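Q: Please take a close look at one part of this structure, the lining of the largest cavity. What classes of residue make up that lining, and how do the surroundings fit together?

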Amino acid sequence: MSPTESVEAFRSRARSWLAAAMPRLDHDAPQRLPGDDDELWLRARELQQKLYAGGFAGICFPKEYGGLGLSRAHQEAFTEESADYEMPFLLNTPTFSICCATLLDLGTEEQKRTHIAAAIRGEQALVQFLSEPSGGSDLAGLLTRAERDGDGWVINGAKTWSTSAYAADYGLCLARTDPEQPKHQGLTMFLVPTKAPGLTVNRIRMVDGSTEFCEEFFDNVRVDASAVVGRVGEGWTVASRQLFHERNAVGGGSPYVSGHGIPPTRPVGNPFTIARLTGRADDPAVRTLLGDVIARSIVDSRLVARVSAGIAEGHLPPPASSLLRLFHAECAQNREDIALRIAGAGAAVGEASGPGHVGVAGLAYLSRQTASLGGGSTEISRNIISERLLGMPREYAPDRGIPFNRIKRGTR
């Protein structure tokens with residue numbers, strides 16, 4: 001590979017390599033039912049190792065951290081060429097597009113060289129330990145605490161809704177280190193091994209049968225001082241950058257991914273497949289619904305391109321990623337709604353896998369609201385757009401500026 005290799009030359013080389021080295025997707029294969037997906041994680045790591053061995057892993061990450069140091073245009077060319085092949089989508093979010101991207105921005109040199117490089121080689125997966133059982137959307141109100149113990153820290157508390165924590169090696173964990181400070185201060189981000197003594201990870205079974213979300217309990221979990229990401233007491237700065245990358249990833253705007261696709265751990269109602277399976281593809285009313293899906297998809301892709309370019313070139317501030325995250329949620333929910341309408345009664349009584357799997361529309365509908373919650377709720381995204389993009393007044397917060405240990409909780 002030449003350091004100045006053009007996008008078209010890179011595309012041509014990727015096309016040849018993909019055809020020779022990567023397994024093709026079987027578009028007619030039935031969707032996997034949600035549940036036990038350990039083998040899918042092993043497969044994702046194998047595929048990532050293939051990408052690395054072939055010289056196509058970490059396209060937009062810097063060379064010094066194991067990547068190729070190429071542009072977003074190179075990544076997009078590879079994404080287009082890889083559309084018909086198996087890709088390690090499970091590692092896209094949160095490992096590459098959120099955690100590695102955050103370490104790239106604010107991690108130490110050792111953290112970048114160790115963890116980003118290991119992830120690119122397919123040897124490490126990273127997750128987020130952010131949400132808490134009592135926190136809701138108020139991330140800054142977290143209760144998990146970390147206290148100094150000699151040269152290290154001891155963490156106690158609980159996290160929840162951590163995507164794929166059971167399959168990860170490390171988690172970015174936000175903890176309170178100074179309760180005398182207001183809630184957005186006195187926080188510190190730690191990079192915690194998921195197998196550390198005292199850390200318990202439980203999987204959560206969702207209404208659609210999936211088990212990708214987890215809850216974690218920290219019972220005197222000890223980490224070294226080198227586990228701190230960013231500066232002690234400035235964890236909100238790290239978390240804010242992490243949330244930017246999360247909104248960008250959920251909205252489809254991250255350049256740090258191995259192709260665009262939906263992980264096989266989650267059922268998705270494909271309106272086009274459902275229309276074909278139900279024999280309704282020629283129904284004018286159904287075709288109107290399918291046209292709606294296509295139109296929104298085109299708008300979504302153009303919005304991603306425009307906002308991503310605006311942020312990269314400085315025409316738009318990073319909070320503009322909330323536009324992507326919000327519209328992506330609306331597109332995803334609209335797709336599931338239309339799949340359900342086309343499937344009709346088959347959504348409730350049809351098979352969810354195998355021939356005639358229209359039942360997947362009903363299964364996917366059960367978790368349609370996930371699109372409005374992942375990456376922060378849509379209400380948070382609307383607040384960010386109104387306050388940080390449109391300059392509208394900040395929402396009233398009675399606990400603003402008050403030391404965290406003086407804030408009353410559990411009272412009305």
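**The largest cavity and its surroundings**

A: The lining of the largest cavity has 11 nonpolar residues, four polar ones and no charged ones. Here Ala, Val, Leu, Ile, Met, Phe, Trp, Tyr, Cys and Pro count as nonpolar, Asp, Glu, Lys and Arg as charged, and the others, Gly among them, as polar. The model is predicted, so local features need pLDDT of at least 70 and side-chain atom pairs pLDDT 80 or more, while totals for chains, interfaces and linings use all residues. Residues are numbered from 1 along each chain as its sequence is written, and side-chain values use heavy atoms, without hydrogens and water.

The structure holds three cavities of 30 Å³ or more (sets of points on a 1 Å grid over the protein atoms alone where a 1.4 Å probe fits but cannot get out; lining residues have an atom within 4 Å of a point). The volume of the largest is about 80 Å³, counted as the space filled by probe spheres set on points joined across faces, edges and corners. It is lined by 15 residues, of which G58, I59, Q75, V257 and S258 are the closest to its centre. Two or more lining residues come from each of α2 (38-54) and α3 (72-81); helices (H or I, at least four residues) and strands (E, at least two) are DSSP runs numbered from the N terminus.

Helix α3 also packs against α1 (residues 7-21): their axes come within 9 Å and cross at roughly 30° (lines fitted to C-alpha atoms over the stretch in contact, with angles from 0 to 180 degrees between N-to-C directions). This crossing of α1 and α3 is right-handed, the near helix being turned clockwise from the far one by less than a right angle. V7, F10, R11, A14, R15 and L18 of α1 meet A73, H74, A77, F78, E80 and E81 of α3, with contact meaning heavy atoms within 4.5 Å. Unlike the cavity lining, which has no charged residues, this contact includes four charged residues, along with seven nonpolar and one polar.

As for the setting, the chain has 12 helices and eight strands.

Notes: On a 1 Å grid over the protein atoms alone, a cavity is a set of points where a 1.4 Å probe fits but cannot get out, and a pocket is an open set with protein on both sides within 12 Å along at least five of seven lines; lining residues have an atom within 4 Å of a point.
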